[in-house]
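Please walk me through this structure in plain terms. I would like to understand its salt bridges, its core and its surface.

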Amino acid sequence: MEKDQSRQRPEQKAALGDMGNENSILDDLQTLEIHHWYKKFMSECPSGQLTEHEFKHFFGLRGLDPEANKYIEQMFHTFDMNKDGYIDFMEYVAALSLILKGKMEQKLRWYFKLYDVDGNGCIDRGELLNIIRVRRNI
């Protein structure tokens, strides 16, 4: 696993560290588990790059009202750590690792980033109201 990490592009390393993975959650994953995730990811997304539309399809998030749709789009953009408009396999693994195996503090950092839509470092009243409205509709 370490050899694979040393061959990662700098933006992939940044993507893994940027989600709150200070001690790299990937170190804890079993090879078999990553292989399973890779097979699933590549079967659903043979290009190796998941678009926003495919992301919604992949997780069964279609036909949402406009407010919920904005929330899902924001989620996609927080997973797209290098901001290239796609979620690649490393970003996918980092996201799953965070959600499934992340420590509470790491998850809270990610949720804050997700809810801070304008990226100003604060969740203002409008963002909070949007969270409440969207959570009711999902």
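Lys56 and Glu52 both sit in helix α4, four residues apart, or about one turn of the helix. Helices here are DSSP runs of H or I with at least four residues, strands are runs of E with at least two, and both are numbered from the N terminus. The side chains of Lys56 and Glu52 meet in a salt bridge, at 3.8 Å from N to O. A salt bridge is counted when a side-chain nitrogen of Lys or Arg is within 4 Å of a carboxyl oxygen of Asp or Glu. This is a predicted model, in which local features need pLDDT of at least 70 and side-chain atom pairs count only at pLDDT 80 or more, while totals for chains, interfaces and linings use all residues. Residues are numbered from 1 along each chain as its sequence is written, and side-chain values use heavy atoms, with hydrogens and water left out.

Lys56 also forms a salt bridge with Glu73, with the closest N and O atoms 3.5 Å apart. This pair links distant parts of the chain, since Lys56 is in helix α4 and Glu73 is in helix α5, 17 residues apart. Glu52, Lys56 and Glu73 are thus linked in a network of salt bridges. Within that network, Lys56 is buried, with a relative accessible area of 14%. Glu52 is partly exposed at 21%, and Glu73 is partly exposed at 26%. Buried means under 20% relative accessible area, exposed means over 50%, and partly exposed lies in between (1.4 Å probe, protein chains only).

The structure holds five salt bridges. Another of them joins the side chains of Arg109 and Glu105, at 2.4 Å from N to O. Arg109 and Glu105 are separated by about one helical turn because they are four residues apart in helix α7. Arg109 is partly exposed, with a relative accessible area of 42%, and Glu105 is partly exposed at 49%.

What does the secondary structure of the whole protein chain come to? The chain has eight helices and two strands, and along the sequence they follow the pattern α-α-α-β-α-α-β-α-α-α. The UniProt annotation "domain: EF-hand", from an unreviewed entry, covers residues 67–102 and 103–138; such annotations may be inferred rather than shown by experiment. Over residues 67–102 the chain is 72% helix and 6% strand, with the end C-alpha atoms 27 Å apart.

Of the 138 residues in the protein chain, 38% count as buried. In soluble globular proteins, nonpolar side chains tend to be buried together. The largest nonpolar core here has 27 residues, and those with the most contacts inside it include Phe55, Tyr71, Met75 and Phe79. A nonpolar core is a set of buried Ala, Val, Leu, Ile, Met, Phe, Trp, Tyr and Cys residues joined through side-chain atoms within 4.5 Å. Helix α6 gives the largest share of this core, seven residues.

On the surface, Phe112, Ile123, Leu128, Leu129 and Ile132 make a nonpolar patch of about 390 Å². Patches are made of residues with over 30% relative accessible area and no salt bridge; nonpolar side chains (Val, Leu, Ile, Met, Phe, Trp, Tyr) are joined within 5 Å, and like charges within 9 Å. Accessible areas come from the Shrake-Rupley method with a 1.4 Å probe, and for residues only the protein chains shown count as cover. Helix α8 (residues 125–137) supplies the largest share of the patch, three residues. Leu129 lies in helix α8 and is partly exposed, with a relative accessible area of 34%.
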